[in-house]
Structure formats: structure tokens, C-alpha cells
Amino acid sequence: FMSFPDLSPPLAQALEARGYAALTPVQFAVAAEDARARDLIVSAQTGSGKTVAFGLAMAEQLLDGDALPRAATPLALVIAPTRELA
């Protein structure tokens with residue numbers, strides 16, 4: 001496990017409130033500065049933290065201060081290969 005990258009305080013607090021002390025390598029990669037505001041393809045083993053990684057990849061862009069804005073249209077799209085994984 002790796003430590004938190006520079007995340008916004010609301011996002012870091014939300015992760016800590018849910019028991020996260022550190023990010024997994026795949027989570028760290030999608031939260032990295034050079035991955036922000038980009039389309040990403042993520043491939044990693046089961047149990048590597050991909051589900052949280054998908055949220056981290058878009059969270060900074062979706063947050064409006066410390067809350068999610070009201071959305072009239074979809075704000076993000078995650079494509080999963082099967083219904084079970086979605």
C-alpha cells in the first residue's frame with residue numbers, strides 16, 4: 001500500500017472516514033496529478049481496489065467545494081465488462 005497523494009481535503013476526509021489509511025497502487029495511479037482530467041483505462045487484479053479507483057479518478061472533478069453538485073445530466077461514465085462487475 002502507498003500513502004495518500006495530494007487529494008482535496010474533503011476527499012481525503014471521506015476516505016479516512018471510511019477506514020482508508022492508504023491507497024492501493026491502482027488507486028494511487030489514478031489519483032496522481034498526471035492522470036487527472038484524463039480518460040483512463042484501468043486493468044488490475046480482483047481485490048486491487050479498482051472500484052474505489054474509478055471513484056477517485058473522477059471525484060476531484062465532480063466535487064463542488066465539499067459536496068457533489070446537483071446534476072441535470074450524467075457527470076461520469078464507467079464502463080464495466082459485465083453486469084456483475086458494474
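The paragraphs below lead from the whole chain of this predicted model to its third helix and then to a few single residues.

Taken as a whole, the protein contains three helices and zero strands, and from the N terminus on its elements follow one another as α-α-α. Its radius of gyration is 13 Å, close to the 12 Å that the globule rule gives for 86 residues, so the protein is as compact as a globular protein of that length. The C-alpha trace extends over about 35 × 30 × 25 Å when it is laid along its principal axes. Of the 86 residues in the protein, 23% are buried, while the surface that the protein exposes comes to about 6500 Å², with carbon and sulfur atoms supplying 55% of it. Among the contacts in the protein with a separation of 6 or more, 44% join residues that stand 24 or more positions apart.

The third helix, α3, is a good place to look next. α3 has 13 residues, and from its first C-alpha to its last it reaches 18 Å, which is close to the 18 Å expected at 1.5 Å a residue. Along its course α3 bends by about 25°, and the bend is located at L56. L56 is also one of the buried residues of α3, a group made up of A53, L56, M58, A59 and L62. The buried residues of α3 pack against two other helices, namely α1, which covers 9–17, and α2, which covers 25–31.

Ahead of α3 comes the loop between α2 and α3, and two of the residues to follow there are Q45 and S48. S48 has a relative accessibility of 18%, and because buried means under 20%, S48 counts as buried. Q45, by contrast, has a relative accessibility of 66% and therefore counts as exposed, since the cut-off for that word is over 50%. These two residues of the loop are linked by a short distance in the model, for a polar atom of the side chain of S48 lies 2.6 Å from the backbone oxygen of Q45. Leaving aside its neighbours within four places in sequence, S48 is in contact with T24 and V26. V26 can also serve as a reference point for Q45, as the two are 19 residues apart in sequence and their C-alpha atoms are 9.6 Å apart in space.

The segments at either side of the helices can be read in a similar way. F4 belongs to the segment before α1, and, with neighbours within four places in sequence left aside, F4 is in contact with L15, E16, Y20, A21, A22 and L23. From C-alpha to C-alpha, F4 and A32 are 9.7 Å apart in space, although 28 residues separate them in sequence. A67, for its part, is found in the segment after α3, the helix that runs over 50–62. With a relative accessibility of 37%, A67 counts as partly exposed, because this value falls between the 20% and 50% cut-offs. The C-alpha atom of A67 is separated by 8.2 Å from that of P10, a residue 57 positions away along the chain. P10 lies within the range 9–17 that α1 covers, and with this pair the path through the model returns to α1.

Technical notes: Residues numbered from 1 in each chain as written. Predicted model: local features only at pLDDT ≥ 70, side-chain atom pairs only at ≥ 80, totals over all residues. Heavy atoms only, no water. Helix = DSSP H or I, 4+ residues; strand = E, 2+ residues; numbered from the N terminus. Buried < 20%, exposed > 50% of the residue type's maximum accessible area, 1.4 Å probe, protein only. Expected span 1.5 Å × (residues − 1). Bend = angle between axes of the 7 residues up to and from the residue. Contact = heavy atoms within 4.5 Å. Polar contact = N/O pair within 3.5 Å; in protein donor to acceptor, adjacent residues only side chain to side chain. Rg over C-alpha atoms; globule rule 2.2 N^0.38 Å. Areas by Shrake-Rupley, 256 points an atom, 1.4 Å probe, with all protein chains shown as cover.
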